[in-house]
Amino acid sequence: KPNTQEVSNENLAVVVNEEPVEVSLFDRLGGTDGISSIVDDIVQAHLENPVINHVFLPLKENPEHFESFKTHVKEFLSAGTGGDATYTGKDLPSAHKGLNTTEKEFLSAVDDILMTLSKHNIDEETKKDMLYILYSMKGAVIGL
Ligand code: HEM
């Protein structure tokens, strides 16, 4: 007769080991380096997207401003997903004031982001998390 105590302890150990480990969104996006490369590609996609590139192309005319904009977006994404970066940019409504962004433009920007995450082989669960977070910020960036 097997030692039931031992067997159940063994099973418990297996269950405990298979318990899902909470990995931060920051880590699932590849940490600082992953996020940096994802943001570079998102911005590139926006520059090539005819629905929204009219607001991004002018930023390139001031290379210093363009670089600081990209740095701010990297900081924003890192700080907001569990990384230890500090966001040094403007608050979202101030950053988007005067752009008068429409829902159509918002959706098109989100499409670029999801497409870029797929290109970087980010898993579906992580893309869902990103979509939810992005959608929740809609009111802070459109119609301003
Ligand atoms: C949830 C969606 C969005 C988030 C989280 C977001 C986030 C940001 C962040 C963090 C910055 C940097 C601000 C700074 O440098 O101080 C920024 C800048 C900017 N965003 Fe967004 N953004 C979103 C949607 C959009 C959309 C839909 C558009 C237009 C189609 C847009 C256009 C811009 C532009 C043009 C800038 C540069 C502003 C400037 O430097 O003058 N953003 N955004």
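**Two exposed asparagines and a nonpolar core**

Asn100 is exposed, because just 11 other C-beta atoms lie within 10 Å and the cut-off for an exposed residue is 12 or fewer. The model you are looking at is a predicted one, so please read each feature here with that in mind.

Let's stay with Asn100 for a moment. To find this residue, go to the loop between helix H6 (92–96) and H7. The backbone there deserves a look: Asn100 has a positive phi of about 50 degrees, although it is not a glycine. Most residues other than glycine have a negative phi.

Now move along to Asn121, which sits in the loop between H7 and helix H8 (124–136). Here too phi is positive in a residue other than glycine, with a value near 60 degrees. Asn121 is exposed, with 7 other C-beta atoms within 10 Å.

From these loops, turn to the interior. Nonpolar side chains tend to be buried together in soluble globular proteins. In this model, the largest nonpolar core has 15 residues, and the ones with the most contacts inside it are Ile35, Ile38, Val39, Ile42 and Ile113. At least two residues of this core come from each of helix H3 (31–48), helix H5 (63–81) and helix H7 (103–119). H3 gives the most, with 6 residues.

Which residues does Ile113 touch, leaving aside its neighbours within four places in sequence? Ile113 is in contact with Ile42, Met130 and Leu134. If you follow these contacts on the structure, keep in mind that Ile42 and Ile113 are both among the core residues with the most contacts inside it.

Conventions:
Residues are numbered from 1 along each chain as its sequence is written. This is a predicted model: local features need pLDDT of at least 70, side-chain atom pairs count only at pLDDT 80 or more; totals for chains, interfaces and linings use all residues. A nonpolar core is a set of buried Ala, Val, Leu, Ile, Met, Phe, Trp, Tyr and Cys residues joined through C-beta atoms within 7 Å. A residue is buried if 20 or more other C-beta atoms lie within 10 Å of its own, exposed if 12 or fewer, and partly exposed in between; C-beta atoms are placed from the backbone. Helices (H or I, at least four residues) and strands (E, at least two) are DSSP runs, numbered from the N terminus. Two residues are in contact if their C-beta atoms, placed from the backbone, lie within 7 Å.
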